[in-house]
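Here are my notes on the model you sent, set out as numbered points. They deal mainly with the ligand and its surroundings.

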Amino acid sequence: MELQELLYCQGFGTRRVCVGLVQKGLVRLPIDGVWQTCQDPWREIDVAPDKPFEVQGMSWIYRARAHLMLHKPAGTECSRKPSAWPSIYSLLPAPLRQRPQKSAVDGVQAVGRLDQDTTGLLLLSDDGQFIHRMASPRHHVPKRYQVHTVDALTPYQTDQLMAGVVLDDDPLPVRAAACETLGSHHLALTLTEGKYHQVKRMLAAVGNRVARLHRSAIGGLQLPSDLLPGQWRWLSACDLLQVGYST
Ligand code: URA
């Protein structure tokens with residue numbers, strides 16, 4: 001692949017910008033085992049996950065498709081055009097926001113949304129198949145939430161969450177796939193659907209309220225304890241398998 005094409009497909013800007021970055025001497029890569037500045041935008045490059053390159057000092061690795069996880073902090077919106085809070089997209093480096101796409105929207109996009117005040121595991125990708133699979137209600141990918149409630153939980157409430165509750169806009173009851181009481185005001189709730197404000201509405205339907213909400217896992221993928229709020233990380237092949245996806 002030509003160097004300018006490599007930069008373009010990884011989101012470093014328009015083709016003209018990418019040619020300029022190379023010609024200005026802002027791109028370095030290992031050539032014959034030695035890190036060097038390459039000023040030829042049309043030089044053929046061997047792309048591989050074990051062949052990093054640097055653009056303006058930022059180290060990058062080629063990936064045909066981007067799959068990543070973000071530890072969403074509280075006080076951020078999952079929208080590109082947020083109304084009141086900073087966008088989660090502002091937490092990502094520019095190449096992830098600029099990866100060229102066939103669709104109208106450039107860059108990676110969040111797989112589903114978390115509320116402004118919800119924290120935890122959020123997946124993002126530019127792989128349409130992956131996004132569809134993770135978000136599709138047909139695939140029932142379980143999502144585990146840590147729910148802290150305003151009022152003490154009663155066995156009746158947790159039984160109701162498992163048995164099914166009716167939400168205002170939906171005639172069919174929604175039920176938790178699992179519900180584990182972890183404290184007087186704390187439960188772990190697993191859902192396989194992703195309706196709007198589902199956890200908060202389910203808790204309201206049983207007469208309680210959510211004080212704090214955190215998504216701790218999607219499928220078998222746990223939010224790593226060393227991924228701090230606001231940080232992101234590439235998903236490994238093993239992570240993808242944990243959410244039932246293989247490339
Ligand atoms: N359910 C909610 O109520 N809010 C979220 O952010 C996610 C699930």
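1. In this predicted model, the largest pocket is the space that the ligand takes up. The protein covers much of what the ligand would otherwise expose, as point 4 sets out in numbers.

2. The residues that surround the ligand are Leu 114, Asp 115, Thr 118, Tyr 145, His 197, Gln 198, Val 199, Lys 200 and Leu 213. Sorted by class, this shell consists of four nonpolar, three polar and two charged residues, and helix α6 (residues 198–205) contributes the most to it, with three residues.

3. Oxygen atoms of the ligand have polar protein atoms close by, and both side chain and backbone are represented: a polar side-chain atom of Thr 118 lies 2.8 Å from a ligand oxygen, a polar backbone atom of Lys 200 is 3.0 Å from a ligand oxygen, and a backbone N or O atom of His 197 lies 3.2 Å from a ligand oxygen.

4. Of the 240 Å² of accessible area that the ligand has on its own, the protein covers 96%.

5. As for the overall arrangement, the protein chain is divided into domain 1 (3–61), domain 2 (67–138 + 221–242) and domain 3 (142–218). Because domain 2 and domain 3 both give residues to the shell around the ligand, the ligand lies between these two domains. The centres of domain 1 and domain 3, taken over C-alpha atoms, are separated by 48 Å.

Definitions and conventions:
Residues are numbered from 1 along each chain as its sequence is written. This is a predicted model: local features need pLDDT of at least 70, side-chain atom pairs count only at pLDDT 80 or more; totals for chains, interfaces and linings use all residues. Side-chain values use heavy atoms; hydrogens and water are left out. A residue is near a molecule or strand if one of its heavy atoms lies within 4 Å of it. A polar contact is a pair of N or O atoms within 3.5 Å; within protein, one must be able to donate a hydrogen and the other to accept it, and residues adjacent in sequence count only if both atoms are side-chain atoms. Accessible areas come from the Shrake-Rupley method with a 1.4 Å probe; for residues, only the protein chains shown count as cover. On a 1 Å grid over the protein atoms alone, a cavity is a set of points where a 1.4 Å probe fits but cannot get out, and a pocket is an open set with protein on both sides within 12 Å along at least five of seven lines; lining residues have an atom within 4 Å of a point. A molecule sits in a cavity or pocket if more than half of its atoms lie within 2 Å of its grid points. Helices (H or I, at least four residues) and strands (E, at least two) are DSSP runs, numbered from the N terminus. Ala, Val, Leu, Ile, Met, Phe, Trp, Tyr, Cys and Pro count as nonpolar, Asp, Glu, Lys and Arg as charged, and the others, Gly among them, as polar. Domain bounds come from an automatic or database domain assignment.
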